[in-house]
Structure formats: C-alpha cells, structure tokens
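Biologist: Could you take me through the ligand site in this one, up close? I'd like to hear what sits around the ligand, and what the pocket lining looks like.

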Amino acid sequence: MIELERLWTRLNPLTSPFALIDIFIVTAFFYWLLGIVRGTRAVQLLRGVGILLAIAFLMPAIASDRLTLLTWLIVNVISPALIVAIPVLFQPELRRALESLGRSSDLFGRPFGGANRSELLETITVISRAAAQLSQQGVGALIVIERRTQLQEFADRGVILDSRISTPLLLNIFFPNSPLHDMAVIIRGNRILAANVVLPLSEDISGPRRYGTRHRAAKGITEQTDALAVVVSEETGAISLVSDGRMVSYLTETRLRTMLADLMQVPLEKEAKRAA
Ligand SMILES: Nc1ncnc2c1ncn2[C@@H]1O[C@H](COP(=O)(O)OP(=O)(O)OP(=O)(O)O)[C@@H](O)[C@H]1O
C-alpha cells in the first residue's frame with residue numbers, strides 16, 4: 001500500500017509535472033519504434049527475443065533451486081548472448097531508426113520539389129497509366145517518387161533528365177534495350193529528374209515470394225528515405241507500390257492511382273468535381 005502511495009506521488013501530475021512529460025516521451029518513442037518495425041521481419045525476431053527474455057527473467061524466480069543447470073545456462077549463456085545478438089539481428093531496423101532521426105530536418109523541407117496539386121495529380125495519373133501499360137506489355141520498371149527527403153545524391157549516380165513527366169516518355173525509357181531502360185527512374189514533382197539510377201538494395205528478402213533485385217531496390221530506397229516506389233515486375237506483370245519498406249502488390253491502375261493520391265495527400269474528388 002505504501003509502495004502504491006509512493007508510486008502515485010511520483011506519477012501525480014500535480015506533485016510531479018515531469019512524470020506526464022516523461023510518460024509521453026517514452027510512449028512516443030515506442031510508437032515511433034513500432035512504426036519502424038511494423039510489417040517487417042523484425043516483428044517475428046522481436047517476438048522470439050521477447051519470449052527468450054521472458055524465460056530468462058522468470059526462470060531464476062520460479063525454478064532456480066530445482067532446475068539449476070538450465071537456470072545457469074539461461075542466466076549465464078543465453079542472456080549475454082542476446083545482448084550481443086540484438087544489434088546484429090536488428091541492424092537494418094536500427095540503421096533505419098537512426099537514419100530517420102537524422103532526417104528529421106526533412107520535416108521542414110517542401111515535399112515533391114514544391115510541386116502544386118495539379119502537377120502532382122498529373123504525376124499520379126501518368127505513373128499509374130504508364131505502370132498499367134508496362135504491365136500489359138510485360139516490361140519491368142522501377143519508378144521512385146521523391147517526397148521530403150532529397151534524392152539528388154542517388155539521381156547524380158544516374159543520367160539527369162529533368163524532363164516534364166509523360167506516359168510516352170516513361171514507356172520510352174523502360175522500353176527493353178533502350179539506353180536508359182535499366183535500373184530506376186526518379187520523379188520530383190511533375191518532372192523525371194533522372195533515369196538509370198542505381199538504388200540501395202534492401203536486406204529484407206522475406207515476403208510471399210523471393211524478391212529479385214528490382215523489388216529489393218524498391219524496398220531499399222523506401223527503407224532509407226521517405227520516397228515511394230512503383231514497381232512493375234517483368235516476370236509476372238504485377239504492379240506494386242512500396243512505402244516505408246512495405247510492399248502492396250497486384251494493383252490495378254485505379255487502385256495504384258488511389259493509393260498514390262492517398263500517400264501523396266492529393267485529393268482525387270476535386271478533380272472529379274472539376275470534370276463534371
Ligand atoms: N540496385 C538497383 N537499383 C535499381 N534497379 C536495379 C538494381 N539492381 C537491379 N535493378 C533492376 O532490376 C532488374 C533485374 O530484376 P530482377 O529480375 O533481378 O528482379 P525482380 O525483383 O525479380 O524483378 P522482375 O519481377 O521484374 O523480374 C535489372 O535489370 C535492373 O533494371
């Protein structure tokens with residue numbers, strides 16, 4: 001009872017206003033951390049680590065005098081091994097977390113190169129149409145849309161185009177054997193910033209099927225930056241949209257358009273009203 005009273009005194013916002021701020025910061029931290037691992041293979045790893053930690057924590061309390069050897073093994077071998085293993089197992093997630101922290105300055109930048117709504121609507125329509133046509137023709141493609149994080153360093157590794165976006169131009173770029181068909185295209189606002197861009201590959205190869213390098217590159221750039229990536233599979237014709245390293249596949253042109261509009265916060269109803 002005394003313990004409870006002491007806890008209440010420590011948490012009471014009137015006696016200790018910093019307790020609320022403390023709880024808020026810790027909650028926000030775990031929310032941000034869970035957002036980073038959500039939908040990745042780290043969730044399964046976290047579950048496994050959680051189970052081992054629970055056993056390591058409970059074992060000495062429950063059965064230390066009966067199962068001495070097992071308790072010794074857990075306390076002296078498994079627990080220290082976990083401390084070493086966690087940074088290795090969660091290396092991609094830790095890296096993403098630190099990178100996203102380092103990118104917090106992007107919060108104040110203008111997304112999509114400062115493009116306005118009608119320019120973004122044009123981009124969404126053109127990319128969705130091009131993806132559908134490429135899918136029908138069985139042509140592979142990777143289109144990356146810049147948001148707040150500048151992709152200039154990646155674009156500079158490719159061929160700078162800085163051309164107004166259009167469906168024929170995208171089809172032309174990805175046309176097999178054309179000089180720029182390989183690798184990825186980067187879009188900034190309603191312009192094709194660069195083609196033939198090499199992107200970082202994701203380490204995460206889990207998923208419904210084994211991903212090849214095109215899909216891993218799409219995951220890679222969206223894990224390391226806030227960009228969106230549209231992939232057309234040469235093998236299956238499937239259209240996928242990747243955001244934050246999470247991939248949604250088998251999209252139709254309409255579905256891709258709606259999802260892009262949603263993620264880019266461009267309302268589609270306005271356009272429908274104007275057309276009516
Ligand atoms: N680092 C990279 N960045 C951008 N694009 C890449 C990268 N590596 C490979 N690619 C593209 O991926 C193509 C190879 O795709 P691959 O077949 O390995 O992947 P996939 O995910 O199975 O795609 P698909 O379903 O289209 O076959 C290459 O021709 C190249 O255009």
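**Around the ligand**

Modeller: Sure, and a bit of context before we zoom in: in the unreviewed UniProt entry, the annotation "transmembrane region" covers residues 14-33, 45-63 and 69-90. Keep in mind that this is a predicted model. In it, residues 45-63 are 100% helix and 0% strand, with the end C-alpha atoms 26 Å apart. Residues 69-90 come out at 95% helix and 0% strand, and there the end C-alpha atoms lie 30 Å apart.

Now for the ligand itself. It has 15 residues around it, and the ones that come nearest are Asp-182, Thr-213, His-215, Ser-233 and Glu-234. Take Asp-182 to begin with: an N or O atom of its side chain is 2.7 Å from an oxygen atom of the ligand. His-215 also puts a polar side-chain atom by a ligand oxygen, at 2.6 Å. For Arg-214, the distance from a polar side-chain atom to an oxygen atom of the ligand is 3.0 Å. As for cover, the ligand on its own has 640 Å² of accessible area, and the protein covers 79% of that.

Thr-213, Arg-214 and His-215 turn up again in the second largest pocket, which holds about 350 Å³ of space. Its lining counts 20 residues, and those three, together with Gly-212 and Ala-217, are the closest to its centre. Helix α9, residues 213-224, gives the largest share of that lining, with four residues. By character, the lining of the second largest pocket splits into nine nonpolar, five polar and six charged residues.

Terms used:
Residues numbered from 1 in each chain as written. Predicted model: local features only at pLDDT ≥ 70, side-chain atom pairs only at ≥ 80, totals over all residues. Heavy atoms only, no water. 1 Å grid on protein atoms, 1.4 Å probe; cavity = no way out; pocket = protein on both sides within 12 Å on 5 of 7 lines; lining within 4 Å. Points joined across faces, edges and corners; volume = space filled by probe spheres on them. Helix = DSSP H or I, 4+ residues; strand = E, 2+ residues; numbered from the N terminus. Nonpolar A, V, L, I, M, F, W, Y, C, P; charged D, E, K, R; others polar. UniProt positions renumbered as here; feature names shortened; annotations may be inferred. Near = heavy atom within 4 Å. Polar contact = N/O pair within 3.5 Å; in protein donor to acceptor, adjacent residues only side chain to side chain. Areas by Shrake-Rupley, 256 points an atom, 1.4 Å probe, with all protein chains shown as cover.
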